[in-house]
Amino acid sequence: MSATENFLTPEEENAIVNAIQIAERNTSGEIRVHLEDHSEKPPLERAQEVFYSLGMDKTKARNGVLFYVGVTDHTFAIIGDEGIHNVVEDDFWDCTKEIVITHFKNKRYKEGLVDGIIKAGERLKQYFPFESDDTNELSNEISKG
């Protein structure tokens, strides 16, 4: 089994998917989590590639958010689409990233992702509130590569 397959238990994965569903009840933003073992590329660069390969740039408001985890590399990145970058301050993701990294340093991976996802949803709500006609444009399942 790969490191990615052993990174989270099925119960932990379910808790993360549940956190995505909770976060998306407050915002039209779309949140995804991607896990992979290793990449030769820097985490932000690799996260950009994954973002596009998952079609996250195809949302109506261009407000997708990706939590990228390089499991064996011990890397993490959080990125958002241009719709988010056009309206938020430059350090928008810093507090969310710090929440995740603090948990990760203590090997509490599920807690880091859940808390980070909930925080991202709260932050996105300010700029992209949930509308009655919102649809879930992207899968909430964790992708692995």
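This report walks through the charged pairs, aromatic rings and nonpolar cores of a predicted model.

**Charged pairs**

Let us begin with charge. Side chains of opposite charge can pair when their charged atoms come close. In this structure there are 9 salt bridges, and the table shows three of them.

| Salt bridge | N to O distance |
|---|---|
| Arg46 and Glu36 | 2.7 Å |
| Glu49 and Arg46 | 2.8 Å |
| Arg62 and Glu82 | 3.4 Å |

Arg46 is a good residue to look for on your screen, and you will find it in helix 3. Its salt bridge with Glu36 links distant parts of the chain: helix 3 covers residues 43–53, while Glu36 belongs to strand 1 (residues 30–36), and the two partners are 10 residues apart. Is Glu36 buried or exposed? Glu36 has a relative accessible area of 3%, and because anything under 20% counts as buried, Glu36 is a buried residue.

The bridge between Glu49 and Arg46 stays inside one element. Both residues lie in helix 3, 3 residues apart, which is about one turn of the helix. Glu49 is partly exposed, at 30% relative accessibility.

Now turn to Arg62 and Glu82, whose side chains also meet in a salt bridge. Arg62 sits in the loop between helix 3 and strand 2 (64–70), and Glu82 in helix 4 (residues 82–85), so this pair ties together parts 20 residues apart in sequence. Both partners are partly exposed: Arg62 has 24% relative accessibility and Glu82 has 44%. Elsewhere, salt bridges with shared partners join Glu36, Lys41, Arg46 and Glu49 into one network.

Which residues does Arg46 touch, leaving out those up to four places away in sequence? They are Glu36, Ser39, Lys41 and Tyr68. For a sense of scale, the C-alpha atoms of Arg46 and His85 are separated by 18 Å, and these residues are 39 apart along the chain.

**Aromatic rings**

Next come the rings. How many aromatic pairs does a search of the whole structure find? The count is 8. In one pair, Phe51 and Tyr52, the ring centres are 5.6 Å apart and the planes meet at 80°, so the pair is edge-to-face. The surroundings of these two rings are worth checking: Phe51 is buried at 1% relative accessibility, whereas Tyr52 is partly exposed at 42%.

Phe104 and Tyr109 form an edge-to-face pair too, with 5.2 Å from centre to centre and 70° between the planes. Phe104 counts as buried, with 13% relative accessibility. These two rings also take part in one aromatic cluster together with Phe7, Phe67 and Phe76.

**Nonpolar cores**

In soluble globular proteins, nonpolar side chains tend to be buried together. Here the largest nonpolar core has 30 residues, and the members that touch the most others are Ile16, Ile31, Val33, Phe67, Leu113 and Ile117. Helix 2 (10–24), strand 1, strand 2, strand 3 (75–80), helix 5 (94–105) and helix 6 (109–127) each supply at least two residues of this core. Which helix gives the most? Helix 6 does, with 6 residues.

Leu113 makes a handy starting point for exploring this region. Apart from neighbours within four places in sequence, Leu113 contacts Ile16, Val33, Phe67, Val69, Phe76 and Phe104. Another core lies apart from the largest one; this other core has 9 residues, including Ala47, Met56, Leu66 and Ala77.

Methods. Residues are numbered from 1 along each chain as its sequence is written. Side-chain values use heavy atoms; hydrogens and water are left out. A salt bridge is a side-chain nitrogen of Lys or Arg within 4 Å of a carboxyl oxygen of Asp or Glu. Helices (H or I, at least four residues) and strands (E, at least two) are DSSP runs, numbered from the N terminus. Buried means under 20% relative accessible area, exposed over 50%, partly exposed in between (1.4 Å probe, protein chains only). Contact means heavy atoms within 4.5 Å. Rings of Phe, Tyr and Trp (its six-membered ring) pair if their centres lie within 6.5 Å; planes under 30 degrees apart count as stacked, over 60 as edge-to-face and the rest as tilted. A nonpolar core is a set of buried Ala, Val, Leu, Ile, Met, Phe, Trp, Tyr and Cys residues joined through side-chain atoms within 4.5 Å.
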